Amino acid sequence: MIAPSRRLRLLTLLTLSPLLLVLLYLNPLYGRQSTNPGEWLPHRKTASLSLPSTSRQITKVSMLYGKKNSLYERALQSHRRHAERWGYGMEVLRSDISEGFWNKPAYLLEIVIRELSKGYADGERVEWLMWVDADSAVLNPAIPLEIFLPPNDLGDIHLVATKDHKGLNTGIFFLRVHPWAINLLAETLAFPAYNPSIDLDIQVDQSAMERVLNGSRYRDHVTYLPRTWINAYEWAHAYEGEHGNYLVHFPGLGKQRWPHMERWLDIIERTPERWEVPVDQTGYLVDTEAFWYRVGKAKGIIDEYAKVKAEAARKGASPLSTSSREREEGMEKAVEELRKVLREAPFEAQLLQQRIEDWNVVSKME
Ligand SMILES: [Mn+2]
């Protein structure tokens, strides 16, 4: 059964938050402490409105330095407007601290360490960072970012990203503020030093991070959303997203990038209502809830199976010794297939669902 709670809670929040903001603002206890929903919601005591999944502290992070580029500036302005609307932080690297593409992981590493060094209890620490390239712009600022983050029971997912036909795309992604992120970023930055013979192509940081992620140490802590949800591309011929999608990203395109960016920025600045769609009128709430439910289900099966196997090994018995050898092999294979889809293509909803159902069939066989 799909727990309706996240969606309902989010809808409740969306409906009630303006009223609550006014009430809290008028309440002398809260005073002018904050009118930022991300700040005051976690401290609320009212059970019906305690919103673990919508009370995350999120900061958007980007970089823009060098020769002034008004299109990139305007694109980042769209991110800033979105951040201000939802109470997210926003930090932009304004000087070259490393070398070209390496500035991205270097800056993220700096922020992760800075956040981790803050006390957890004082509520000042940001929980998630959202990297956004300066060649991306928010089309629908009515989309809250919390829906893209793993629910609290999936605390071991530390990176939420997307893939395209070439593999990992690091134009837009979410990174949890956690020691895991330090390891990932440090290893990414060190990759060329330890692998001098590997050609990382042009987007060196992206290639390095992809290779590091595919190492066994990291891959079970990453998940990949359907790309158009957070990272829809503008192709030379058209926008690949649909009305209501959160963002447009302009990778590749060569010299065509500038007219394409200008056209979109004009639209969102002059007629923002054309692309803004309330979140409950998009497929986002239902689709993200179903996505996280499937991922949780798949992880649950894999973890449970590993536990049963470990227990059997501890006892010195063959795993699931009461069942037939055929069934054992079937289960082993079903878990392997499920793990493969969960690791590589969790955004393929039907495929992941099918693998879960395959497991259900095999595990119930006598
Ligand atoms: Mn980009």
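The paragraphs below walk through selected strands, a helix pair and two loop residues of this predicted model.

A good place to begin is strand β6, which spans residues 167-176. Of its 10 residues, 9 are buried, so the strand is largely enclosed by the rest of the structure. Strands of a sheet pair through backbone hydrogen bonds, either parallel or antiparallel. In the case of β6, strand β3 (residues 128-132) pairs with it in the antiparallel sense over 5 bridges, and within this pairing methionine 130 has phenylalanine 174 of β6 as its bridge partner. Strand β5, covering residues 159-164, also runs antiparallel to β6 and is joined to it by 5 bridges; here leucine 159 is matched with leucine 175 of β6. The connection between β5 and β6 is a hairpin, made through 2 residues.

A separate description applies to the open sheet of 3 strands, whose order is β4-β9-β8 and whose pairing is mixed. Its edge strands are β4 (136-138) and β8 (232-233), each of which pairs on one side only. The pairing of β8 with strand β9 (residues 247-249) is parallel and rests on 2 bridges, with alanine 232 standing opposite valine 248 in β9.

Turning to the helices, two packed helices are described by the angle between their axes and the distance between the axes. Helix α3 (residues 70-86) and helix α8 (residues 257-270) have axes that come within 10 Å and cross at roughly 40°, which means that α3 is oblique to α8. The crossing of α3 past α8 is left-handed. On the α3 side the contact is made by Leu71, Arg74, Ala75 and Ser78, while α8 contributes Trp258, Met261, Glu262, Leu265 and Ile268. By character, the residues of this contact between α3 and α8 divide into 6 nonpolar, 1 polar and 2 charged.

Finally, two loop residues deserve a look at their backbone angles. Aspartate 201, in the loop between α5 (179-194) and α6 (204-213), has a positive phi of about 60° although it is not a glycine. Because aspartate 201 has 9 C-beta neighbours inside 10 Å, and a residue with 12 or fewer is classed as exposed, it counts as exposed. Leucine 253, which lies in the loop between β9 and α8, likewise is a residue other than glycine with a positive phi, in this case near 70°. Leucine 253 has 16 C-beta neighbours inside 10 Å and therefore counts as partly exposed.

How values were computed. Residues numbered from 1 in each chain as written. Predicted model: local features only at pLDDT ≥ 70, side-chain atom pairs only at ≥ 80, totals over all residues. Buried ≥ 20, exposed ≤ 12 C-beta atoms within 10 Å, placed from the backbone. Helix = DSSP H or I, 4+ residues; strand = E, 2+ residues; numbered from the N terminus. Pairing = 2+ DSSP bridges. Axes fitted to C-alpha atoms, helices over the stretch in contact; angles between N-to-C directions. Parallel < 35°, antiparallel > 145°, perpendicular 65-115°, else oblique. Left-handed = near helix turned anticlockwise from the far one by under 90°. Contact = placed C-beta atoms within 7 Å. Nonpolar A, V, L, I, M, F, W, Y, C, P; charged D, E, K, R; others polar.
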